[in-house]
Amino acid sequence: MLLLRDARAGDLAALRRLARALNSVNLPSDGRALASIVDRSVRSFSGRIADPKRRSYVFVLEDPRRRRVVGTSMVVAQHGTRESPCTFLDVTERETYSSTLDRHFRHQVLTIGFHFDGPTELGGLVVEPAARRGRLQPGKQLSFVRFLYMAMHPERFRETVLAELMPPLSPDGRSPFWESFGRRFTGLDYQDADKRSRQGKEFIQQLFPASELYATLLPPGVQRALGKVGRPAEAARRLLERVGFRYVNRVDPFDGGPHYEARLAEVTLVRAHRRARVAEEPLPPHGDDPERLVGVDRPRGPDRFRAVRCRTRAVGEEVRLPEPARQLLGVAAGETVHMIPVG
C-alpha cells in the first residue's frame, strides 16, 4: 500500500530527482524554482494564501516501507491571470474554393488566445521509472488524487479543469512545432523559451503574430502532429477521456500539444465522491470489496492531507477500512473520510 500526501520541504531532494525526468513549467528541475513551488504548496494546503485562486497543490506518492517518494502530481487552482495569462492557439478550419480552377481546400488555422481568468490546471505528474509497473498503478493514483482533493474542496477551484498533454517530440527532446513556429518569432530555442515562460509570458503576447496563421505553411510532419498526443502521454489521455475530458481544439503555443478540458462538476470521479465515517470494526484482510481512493485532511499538523488506495466496505453512513489503511491515514473510528472509485 502506498501513501499519497501533501508535499513538504523535506521532499525537495526527491522532487528534484523526479523533475529531471520531466523538467516542465509546473515541475522544473531548477532547485530554486522547485523550492518556491513546494513553499507555495505548503502555504496553499495550510490556507496561508488567502485567495484560493492563487493556490497550487503538490502531492507526493510515498512507499512507506522504504520512506521513499516515488512520484508526484500537481493541481494549480487557476492557470491564467491578468499578470500571467493562460496562452493557447485556437485550431479552426477554413474552407476555400475557386470556381475558375475548380479547386477546393480545407486549411487548419491557428489563432492566439489568452485566458485572464483561466481554468484550474492539472500538471506535474511524474512516476519514478522503477515504480511505474505493477498492480499498485502509481500513475493512476497520482492522477486520481487530484480529483479526490478537488471533490473535497470544489469551492477552491474553477468550474473548468484543463490538462495540457505532451505532443510527439524529437528523440533529443526538441519540439518540431516550436522549431517551425515559435522560434521564428522569438529567436529562442525550445528549452530557453520554456524556462523563460516560468517567469512570465509577456514575450509571447508581444512577439507572436496576432493575426491568423495557416498551418498549411508548416512542414507536413508538423501539421500532422498538431493537437496529437505523444506516445508517453497516451495512457494519460485515455484516463482523462474515461473520466470526462475532451480535446477542445486548442494547442499549446510552445509545442503544439493538445488541451483537454472538462467541467469539474461533470468529471465522473467528482460526481462519485462520497463522505463516510470510519466504522468501529476494521475490514478483514481478504475479500473482494471494491477499491477506492480514501482521503482525509486536517487543519493542522505536518501532513495536511493523506490518502490511500484500499478495499472499502460501506455500511450505511459508515465505511470499514483495512487496518493498514487506517494506520497510514491516521484515522480512528468516527472520523470522516472522503472516497472516490479507482476502478
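**Strand 6, its neighbours and the helix 3 packing**

Strand 6 and strand 7 run parallel and are joined by 3 bridges. Strand 7 spans residues 160-164, and strand 6 covers residues 120-127. The description rests on a predicted model. One pair of bridge partners illustrates the contact between the two strands: E121 is matched with L162 in strand 7. The connection between these strands goes through a helix. From strand 6 the chain passes through helix 3, residues 138-152, and then reaches strand 7. This β-α-β crossover is right-handed.

Strand 6 also has a partner in strand 3, which spans residues 68-76. Here the pairing is antiparallel and extends over 5 bridges. Within strand 6, V126 lies opposite T72. Strand 6 thus pairs in the antiparallel sense with strand 3 and in the parallel sense with strand 7. Strand 6 is mostly covered. Of its 8 residues, 7 are buried.

Helix 3, the helix of the crossover, also packs against helix 9, residues 234-243. Two packed helices are described by the angle between their axes and by the distance between those axes. For helix 3 and helix 9 the angle is about 35°. Their axes are 11 Å apart. The crossing of helix 3 past helix 9 is right-handed. On the helix 3 side, the residues in contact are K140, S143, F144 and F147. They meet L239, L240 and V243 of helix 9. By class, the residues of this contact comprise 5 nonpolar, 1 polar and 1 charged.

Two residues stand out by their backbone angles. Most residues other than glycine have a negative phi. R67 is not a glycine, yet its phi is positive, at about 50°. R67 sits in the loop between strand 2, residues 56-63, and strand 3. Its relative accessible area is 76%. This value lies over the 50% cut-off, so R67 counts as exposed. The loop that holds R67 leads to strand 3, the antiparallel partner of strand 6.

N249 is the second case. It is not a glycine either, and its phi is positive at about 55°. N249 is placed in strand 9, which covers residues 246-251. Its relative accessibility is 41%. That figure falls between the 20% and 50% cut-offs, and N249 is therefore partly exposed. The two positive phi values thus occur in distinct settings: R67 belongs to a loop, whereas N249 belongs to a strand.

Definitions and conventions. Residues numbered from 1 in each chain as written. Predicted model: local features only at pLDDT ≥ 70, side-chain atom pairs only at ≥ 80, totals over all residues. Heavy atoms only, no water. Buried < 20%, exposed > 50% of the residue type's maximum accessible area, 1.4 Å probe, protein only. Helix = DSSP H or I, 4+ residues; strand = E, 2+ residues; numbered from the N terminus. Pairing = 2+ DSSP bridges. Right-handed = clockwise from strand over helix to strand, strands pointing away. Axes fitted to C-alpha atoms, helices over the stretch in contact; angles between N-to-C directions. Left-handed = near helix turned anticlockwise from the far one by under 90°. Contact = heavy atoms within 4.5 Å. Nonpolar A, V, L, I, M, F, W, Y, C, P; charged D, E, K, R; others polar.
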